[in-house]
Amino acid sequence: MLDFQRPFGEAFFIGMCKTPTGSKRSQAEALGFLHTLHVSWAQGLRYIWFESDNQELVNLINKGEDHLQLGTLLCDIRYWMTKLPFSSLEHVNRERNAAADT
């Protein structure tokens, strides 16, 4: 689920994407984040603070690590992150990830 919010939590864009059948959780999360990057770029958003409750994916992206199943997805994500130079990706606990619960 995509959930773009202004400061103080006002949602101004919400959307969803479908992942291929049989995708593993890590692949689905990576595909969802890549889709979020595409939508952000298309909407003209450049200053974005991304939050995810998937610690493994956040570490893989932020530390430039590789993953056998996510290799090309990680390359695509890192490429699109460079197109949004004023963005960041942080880990949040599941309890703080309100978008995941809507």
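What percentage of the 102 residues of the protein chain count as buried? In this predicted model, 32% of the residues fall into the buried class, where buried denotes under 20% relative accessible area, exposed over 50%, and partly exposed the range in between, evaluated with a 1.4 Å probe on protein chains only. Local features are reported at pLDDT of at least 70 and side-chain atom pairs only at pLDDT 80 or more, whereas totals for chains, interfaces and linings use all residues. Residues are numbered from 1 along each chain as its sequence is written, and side-chain values use heavy atoms, with hydrogens and water left out.

The protein chain contains three helices and four strands, arranged along the sequence in the pattern β-β-α-β-α-α-β; these elements are DSSP runs numbered from the N terminus, with helices (H or I) spanning at least four residues and strands (E) at least two. The accessible surface, computed by the Shrake-Rupley method with a 1.4 Å probe and, for residues, with only the protein chains shown counted as cover, comes to about 6700 Å², of which 53% belongs to carbon and sulfur atoms. Among contacts (heavy atoms within 4.5 Å) between residues at least 6 apart in sequence, 62% join residues at least 24 apart.

The largest nonpolar core, a nonpolar core being a set of buried Ala, Val, Leu, Ile, Met, Phe, Trp, Tyr and Cys residues joined through side-chain atoms within 4.5 Å, comprises 18 residues, of which Phe33, Leu37, Phe50 and Ile77 touch the most other members. Two or more residues of this core are given by each of α1 (25-42), α2 (55-62) and α3 (71-83), and the largest share, five residues, comes from α3. When neighbours within four places in sequence are set aside, the contacts of Phe50 include Phe33, Leu37, Met81, Leu84 and Leu89, together with Thr36, Ser40 and Glu90.

Ser52 is located in strand β3 (residues 49-52) and counts as buried because its relative accessibility is 11%. The side chain of Ser52 reaches the backbone nitrogen of Asn54 at 3.0 Å. Beyond residues up to four places away in sequence, Ser52 touches Glu29, Val58, Leu89, Glu90, His91 and Val92.

Thr19, by comparison, lies in the loop between β2 (11-15) and α1, and counts as partly exposed because its relative accessibility is 26%. With residues up to four places away in sequence excluded, Thr19 touches Ala28 and Leu31, while the C-alpha atoms of Thr19 and Glu29, ten residues apart along the chain, are separated by 9.1 Å.

Key: A polar contact is a pair of N or O atoms within 3.5 Å; within protein, one must be able to donate a hydrogen and the other to accept it, and residues adjacent in sequence count only if both atoms are side-chain atoms.
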